[in-house]
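Here are a few notes to help you find your way around a structure that is new to you. Keep the view open as you read, and take the points in order.

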Amino acid sequence: MLLTDAEQLCAPAGQGAAPEATAAGGAFEALAGLMDKSLLTRIETDGRTRLYMLETVRAYGQERLMECGQAQLALRRHRAWYLRLAARAGLSYGSSAQASWLRRLRVEHANLRQIVTSPPPPGEPAETLLHACLGFWLHCLTSANVGEGAGWMRRILERHPRPPSPETTVLWCQAVWVAGFLLLLQGDYDSAQEVITRGEGALADMPAANGTVASGLADQSTPEELTAAFLQLRALPALFAGETETAVKYTEASLATGQWSDALLTREQCVAQLGFAAVMQGDHARSTALLEQALKMSEARGEVWHRCYLLWALGCVSEVDLDVSRSTSWAGVI
């Protein structure tokens, strides 16, 4: 856990969310005392201080919390903190802050696992966890935790098999998109198609008034953006199977909506998918043009994930072209 996180979580009740130094001053002194006694280990990583605790010390601390009746409060504060962290990270995925947030979540994976796998406390609104789902998809992909992330999303959708309320339909569909994405990458196409169909059905059943309300929320996608995102997802299994005509059909339908979620990177991914389909069809010139177009989109936003794999893809296409050129040259010689 980062020292700054620990200061906020251990501050007196009611001050945990306050940014002022005075709110966590007493907590810092207490943490410093634990470090002096070697009950906490301090490690500097990327200019930040992280705190580590032996499992035996952790177990002892949990016993003491239970004895003084503070265990549930501590768990609630820990859960609320990391749910907010995941939600904030998810909103950054289409921006220049993407890389720093992905690095941040990578070292917090154990904390994320705990908040997803532990039962929610009584009275916690369903949307609290649904908001956090936006942070899981790219984190689980880039940290090599796709299988675990798919398991998380299965658990969440088992807990919330349908929107908890009409007002949370778009938020629930956003979580469904995350589930569909991770399930597809895990190779569970049947489950992915099932949840995507449920998400599309929930969007189709939304009254117009609900869509208007949801569109005004800055911390989630709009119904139109999610419609495009689901179409983009439907293209992926076809692309994986080499069914390029089907992949292109869904991808172009997604682009035709004219609505693309920044956090879900829908437009860039669609253009890249058309590029991948083109190279599979043997049209390397079109593929290169499309991949370069997607790369420019990524660079303009300062986003790094697409940029990384698009550069790799362009390198692969160039290598294929080079091999073809070599073959042609050798054919002339022979």
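1. Start with Glu200, which is partly exposed because its relative accessible area of 25% falls between the 20% and 50% limits. Bear in mind that you are looking at a predicted model. Glu200 forms a salt bridge with Arg234, and their closest N and O atoms are 2.9 Å apart. This pair connects distant parts of the chain: Glu200 sits in helix α11 (residues 189–204) and Arg234 in helix α13, 34 residues apart. Arg234 has a relative accessible area of 15%, so this partner is buried.

2. How many salt bridges does a search of the whole structure find? The count is 8. As a reminder, side chains of opposite charge can pair when their charged atoms come close.

3. Another pair to look up is Arg113 with Glu148, whose side chains meet in a salt bridge at 2.6 Å, N to O. Arg113 belongs to helix α6 (residues 109–117) and Glu148 to helix α9 (residues 146–159), so this contact ties together parts 35 residues apart in sequence. Arg113 counts as partly exposed, with 34% relative accessibility. Glu148 also counts as partly exposed, at 25%.

4. Next, find Glu268 and Arg301, where the side chains form a salt bridge of 2.4 Å, N to O. Since Glu268 lies in helix α15 and Arg301 in helix α16, the pair ties together parts that are 33 residues apart in sequence. Is Glu268 buried or exposed? At 3% relative accessibility, Glu268 counts as buried, whereas Arg301 is partly exposed with a relative accessible area of 24%. Asp262 joins these two residues in a network of salt bridges.

5. Helix α15 deserves a visit of its own. It covers residues 266–280, and at 1.5 Å a residue its 15 residues should span 21 Å; the end C-alpha atoms are 21 Å apart, so the model agrees with the expected span. The helix is mostly covered, with 12 of its 15 residues buried. Among the buried residues are Thr266, Gln269, Val271, Leu274 and Phe276. After α15 comes Gly282, which has a positive phi near 90 degrees.

6. Now look for enclosed space. The count is 1 cavity of 30 Å³ or more, and the largest cavity has a volume of about 40 Å³. Its lining consists of Trp137, Trp177, Phe181, Gln232, Leu264, Leu265, Gln269, Trp305 and His306. Helices α10 (169–186) and α17 (305–333) are the elements that give two or more residues to this lining. By class, the cavity lining has 6 nonpolar, 3 polar and no charged residues.

7. Finally, turn to the second largest pocket, which holds about 430 Å³ of space. It is lined by 20 residues, and the closest to its centre are Phe240, Gln269, Phe276, Tyr309 and Trp312. Two or more lining residues come from each of α10, α13 (223–240), α15, α16 (284–301) and α17. Which helix gives the largest share of the lining of this pocket? That is α17, with 7 residues. The pocket lining has 17 nonpolar, 3 polar and no charged residues. Gln269 is a handy landmark here: this residue is in the cavity lining and is also among those closest to the centre of the second largest pocket.

Definitions and conventions:
Residues numbered from 1 in each chain as written. Predicted model: local features only at pLDDT ≥ 70, side-chain atom pairs only at ≥ 80, totals over all residues. Heavy atoms only, no water. 1 Å grid on protein atoms, 1.4 Å probe; cavity = no way out; pocket = protein on both sides within 12 Å on 5 of 7 lines; lining within 4 Å. Points joined across faces, edges and corners; volume = space filled by probe spheres on them. Helix = DSSP H or I, 4+ residues; strand = E, 2+ residues; numbered from the N terminus. Nonpolar A, V, L, I, M, F, W, Y, C, P; charged D, E, K, R; others polar. Expected span 1.5 Å × (residues − 1). Buried < 20%, exposed > 50% of the residue type's maximum accessible area, 1.4 Å probe, protein only. Salt bridge = Lys/Arg side-chain N within 4 Å of Asp/Glu carboxyl O.
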